[in-house]
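Trainee: I should like to take a close look at a single helix and its surroundings in this model. Could you describe how that helix is packed, and against what?

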Amino acid sequence: MSDKAIEGQPFVRFDKVQKSYDGEILVVKNLNLDIPQGEFVTMLGPSGSGKTTCLMMLAGFEPATHGEIFLGGQPINNVPPHKRGIGMVFQNYALFPHMSVGENLAFPLEVRGMSKDECATKVQRALDMVELGAFSNRMPAQLSGGQQQRVAVARALVFEPELILMDEPLGALDKQLREQMQYEIKHIHENLGVTVVYVTHDQSEALTMSDRIAVFNDGVVQQLSSPSDLYERPDNSFVAQFIGENNRFDGKVTSVSRGNCKVKLDSGETVEAAAINVGGKGERTTLSLRPERIEINPKSKAGRNVIKGKIEEAIYLGDHIRTRMTAGGSSDFIVKVPNTAGHTPLEEGKTVNIAWLTEDCRALDPIV
Ligand code: ADP
Ligand code: MG
C-alpha cells in the first residue's frame, strides 16, 4: 500500500520519547511504542496521563524533548506537520461554517492544486465512506452533531492518508450515537486498512475498537496488549483496576514456586495465585480477581481456593446477581452470580464458601 513502508519495520515508532512542557516535569517519560501498518492502536488512560501529548508529537504540533519518532522507517522529528501526510480528527471538529460539506472537504485538496474533477471524485468517495454521500451541498449548521463528526472523519480520509490520528473524537456525542460511531470508525478502518492511533479515556470505547491498547498512567505505558489480554492478564494493579471490574485484596507472599505463589491474606486465610508481579517471600502483594470468576458454594473444591465470605447485598440484575460480600479482608468483594437454573439462593447476612481457580487470581504489585 505504501511506498513509505519499509519491509519489516514498524510503520510508527516512538523510540525513547520524552516530553516536558516546562523543562522540569516529564509528562511523557520514556515512550517506546511500535505500531505495524494497518493496526488500530488506542492510547487509553486517565485525564492528564499524556495521551494527547503523544498524539501531538506524532502529528508534529509538539516537539519531543528527547528521543525520536519514526514514520515508515524515517525519522520525522524535523518534518513539519503538513508534510507528514497524517489525517486528524479531534473532539472539536471545527468545520468551516460558511462552506458546504463538499467545500469543507475539497478545500484542503484545492489548496494543494488538485484538479476540480479529481477533487470531486475524492470528496464523493470520502463522504460515501461515512454514509453522507447525499449531504455534499448541506451547510454544517444543517447537520446534527453526529453528522458533523462524520464530516470531520471524511475530511481526515479525503487525503487518503496512511495514518489517521483521532483524539477523543466522539466525546461530544451522546451515548447511543457514540456507540454507533465506534462501529462505523472500526469498519472504515477495516475496509481501508489504514493505520489508526486513537486516544480516549473511555475503556469500553477502547475495548470495542482496538487491535491493541496502550494503557497510560502518569506519562508511562503500563501495558500494551490486545483488549482480551488487558482484561484477562493485567500486568500490574493499575491495569487490573482501570480495565473492567476487579476485586483486590492484600496479603503477604509466603512462598513462590513454578509461576505460582502462596499468599497469607490480611484476613488470615492462605490462598494460591499466579505470581505475576511479586517480590520474594515476606513481600506484600495485591491479588486481582474478576467478579465473574468466583463461585459461591462450589460443587467441587478441586484445584480451587476456598474461603468464607458473608453476603452483604444481593442485587438482581436480570442476567446475573451482583453480590457484594465481606471476604478476604474486603467489605466490597463483588461476585457476579450468573442467573442460571439452580444457582445458590443468595441470602443477605449468610456466610458461604467462595471459590476460584488459582490461575484466575493474579498476584500483582502491592497498591499502597
Ligand atoms: P491526556 O490527553 O492524557 O489527558 P495531556 O497529554 O493533555 O494528557 O497532558 C499531560 C500533561 O501535560 C498534563 O499534566 C497537562 O496539564 C500537561 N500539558 C498538556 N498540554 C500542555 C501545554 N500545552 N503546556 C503545558 N502543559 C501541558
Ligand atoms: Mg487528551
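Mentor: A definition is needed before the geometry can be read: helix pairs count as roughly parallel at angles under 35 degrees, roughly antiparallel over 145, roughly perpendicular from 65 to 115, and oblique for the rest. The model is a predicted one, and the helix to consider is H2, residues 101–111.

H2 packs against helix H3, residues 116–129, at an angle of about 130°, and the two axes are 9 Å apart. H2 and H3 are therefore oblique to each other. The crossing in which H2 passes H3 is right-handed. On the H2 side, this contact is formed by Val101, Gly102, Leu105, Ala106, Leu109 and Glu110, while H3 contributes Lys116, Cys119, Lys122, Val123, Ala126 and Leu127. Sorted by class, the contact of H2 with H3 comprises eight nonpolar residues, one polar residue and three charged residues.

Between H2 and H3 lies a point of backbone interest: Gly113, just after H2, adopts a positive phi of about 85°.

The packing of H2 with helix H4 has an angle of about 25°, with the axes 9 Å apart. That angle makes H2 roughly parallel to H4. H2 and H4 also cross in a right-handed sense. Here Val101, Asn104 and Leu105 of H2 meet Val151, Ala154 and Arg155 of H4. By class, four nonpolar, one polar and one charged residues make up the contact of H2 with H4.

Turning to burial, the residues of H2 that are buried are Val101, Gly102, Asn104, Leu105, Ala106, Pro108 and Leu109. H3 and H4 are among the elements that cover them. Leu105 takes part in the contact with H3 and also in the contact with H4.

The wider setting is the largest nonpolar core, which has 33 residues; Leu105, Val123, Leu127, Val151, Val153 and Tyr198 are those that touch the most other members. At least two residues of this core come from each of H2, H3, helix H4 (145–157), strand E7 (163–167), helix H5 (175–192) and strand E8 (195–200). H4 provides the largest share, six residues. As for Val153, its contacts beyond the neighbours within four places in sequence are Val89, Val130, Met181 and Ile188.

In summary, H2 is oblique to H3 and roughly parallel to H4, and Leu105 of H2 is one of the residues that touch the most other members of the largest nonpolar core.

Key:
Residues numbered from 1 in each chain as written. Chains lettered and ligands numbered in written order. Predicted model: local features only at pLDDT ≥ 70, side-chain atom pairs only at ≥ 80, totals over all residues. Heavy atoms only, no water. Axes fitted to C-alpha atoms, helices over the stretch in contact; angles between N-to-C directions. Helix = DSSP H or I, 4+ residues; strand = E, 2+ residues; numbered from the N terminus. Left-handed = near helix turned anticlockwise from the far one by under 90°. Contact = heavy atoms within 4.5 Å. Nonpolar A, V, L, I, M, F, W, Y, C, P; charged D, E, K, R; others polar. Core = buried A, V, L, I, M, F, W, Y, C linked by side-chain atoms within 4.5 Å. Buried < 20%, exposed > 50% of the residue type's maximum accessible area, 1.4 Å probe, protein only.
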